[in-house]
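Colleague: Could you take me through how some of the helices pack in this model?

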Amino acid sequence: MFGPAFVASIAYVDPGNVAANLTSGAQYGYLLVWVLVLANAMAVLIQFQSAKLGIVTGKTLPEHVGARTRPWGRRAYWLQAEIVAAATDIAEVLGGAIALNLLFGVPLVMGGLIVGVVSMALLLVQNARRQRTFEYMIIGLLAVIAFGFLAGVFVSNVDWFAAADGLVPRFEGAPTVLLAASMLGATVMPHAIYLHSALARDRHHVEFAALAEKSDFTGESVRPPRADAAARADAQAGARETTRVVADPAPTHGASRERLRRLLRVTRGDVVVALVLAGAVNIAMLLLAASSLRGVDGTDTIPGAYAAIQGALGPAIATIFAVGLLASGLASTSVGAYAGSVIMKGLLRIRIPIVVRRVVTLIPALIVLGVGIDPTWALVLSQVLLSIGIPFALIPLIRLTGDRALMGEFADRMPVRVVAWTVVALIVCLNVVLIFLTVTGAGVAA
């Protein structure tokens with residue numbers, strides 16, 4: 001049953017992560033290791049909440065928001081989500097284009113087109129009946145990403161004592177706060193929060209439909225709260241009710257409570273394993289930059305970092321790094337287009353072919369490449385924009401998973417709610433600081 005979290009975790013190792021983590025390590029050494037550890041711990045909690053919402057209710061996060069919002073509010077909410085998704089796509093296409101340029105000398109605009117075409121081919125595989133195949137392809141690319149970014153750590157001279165000291169939370173001036181927000185935006189991704197509810201729902205809905213075809217399968221129906229209360233009253237009166245499972249678009253209409261508990265346990269493992277791997281890759285990138293790129297000129301750009309890695313660790317490690325970057329761009333742009341489709345369907349109740357959406361959202365990235373904007377700077381700036389979009393995904397998610405009227409016995413318990421709202425508060429506060437630093441220019445390094 002593993003798989004959905006590995007697809008969502010691609011968002012946590014996309015080219016935006018590469019730019020933010022390399023910049024952090026090259027400029028400030030091990031100072032911000034704690035940001036990645038904290039952000040990854042937040043991501044585990046957040047992604048599980050999103051998956052739980054999809055499994056228990058049978059609806060995605062965008063669908064729930066759309067159902068509870070007036071038409072004008074739904075459109076406004078969709079607009080901000082689309083801006084965030086566009087920023088994500090720009091980062092992912094840019095990263096793939098840079099990788100092709102480093103590996104084969106392909107011009108950036110042509111590289112962006114190649115990334116777009118390959119991502120379309122990946123998306124052609126994705127549909128409800130072939131989700132498993134799509135997951136296998138993305139997991140394969142994730143393996144390439146992990147190898148590409150972890151390889152350099154094993155041959156670099158990491159100062160592990162300094163890295164351990166980097167676990168102590170602190171900043172060194174406004175520029176490090178701005179960079180920390182960029183790293184947070186690259187690690188806790190809004191589109192991954194929206195998408196995971198759909199990934200988990202779609203995967204397990206297929207299983208419920210298969211169970212419904214078996215005439216010997218019975219179980220206690222999971223019902224809306226009022227029906228649930230009535231069932232408990234009947235049970236207290238000595239009446240026990242079992243109902244045959246019926247295939248229904250909402251898995252909760254046909255899944256026993258025990259089945260849902262089992263799915264949630266497996267999903268928790270799926271999320272932990274996938275995001276621990278993604279977190280290890282992110283930390284490895286920062287450690288590599290801190291140990292091998294600190295003080296080297298030009299390492300504030302990905303091409304400069306590639307050249308520095310080549311000079312310090314050899315062409316083989318540099319090539320492996322570039323291959324990992326290419327796999328990251330290809331996988332993440334495919335997943336990002338998938339997420340955008342889920343967002344549009346849930347909020348606007350419009351479904352367009354994913355490939356058509358891929359073509360439309362490719363245009364802004366190609367414009368950025370064509371007008372000559374520095375790609376690495378655009379990557380880091382896109383992560384800042386993503387960080388601003390996080391609360392819009394997080395606040396509805398935590399409200400929904402804590403709603404007993406919606407989730408029944410699977411609603412978040414008080415300790416989880418306290419931790420979740422604390423995470424939301426921390427992220428919102430950091431974003432307020434981020435906006436202030438960006439508007440005033442105080443976050444620009446001297």
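The questions below deal with helix packing and burial.

Modeller: This is a predicted model, in which local features need pLDDT of at least 70 and side-chain atom pairs count only at pLDDT 80 or more, while totals for chains, interfaces and linings use all residues. Residues are numbered from 1 along each chain as its sequence is written, and side-chain values use heavy atoms, with hydrogens and water left out.

Colleague: What is the handedness of the crossing of helix 2 and helix 12?

Modeller: Helix 2 (residues 15-28) and helix 12 (residues 257-292), both DSSP runs (H or I, at least four residues) numbered from the N terminus, pack at an angle of about 40° with their axes 7 Å apart. Those axes are lines fitted to C-alpha atoms over the stretch in contact, and angles run from 0 to 180 degrees between N-to-C directions. A crossing is left-handed if the near helix is turned anticlockwise from the far one by less than a right angle, and right-handed if clockwise; the crossing of helix 2 and helix 12 is right-handed.

Colleague: Is helix 5 roughly parallel or roughly antiparallel to helix 14?

Modeller: The axes of helix 5 and helix 14 come within 8 Å and cross at roughly 160°. Angles under 35 degrees count as roughly parallel and those over 145 as roughly antiparallel, so helix 5 and helix 14 are roughly antiparallel.

Colleague: Which helices cover the buried residues of helix 6?

Modeller: The buried residues (under 20% relative accessible area, 1.4 Å probe, protein chains only) of helix 6 include Gly111, Val115 and Leu122. What covers the buried residues of helix 6 includes helix 5, helix 7, helix 14 and helix 15.

Note on methods. Buried < 20%, exposed > 50% of the residue type's maximum accessible area, 1.4 Å probe, protein only. Helix = DSSP H or I, 4+ residues; strand = E, 2+ residues; numbered from the N terminus. Contact = heavy atoms within 4.5 Å. Parallel < 35°, antiparallel > 145°, perpendicular 65-115°, else oblique.
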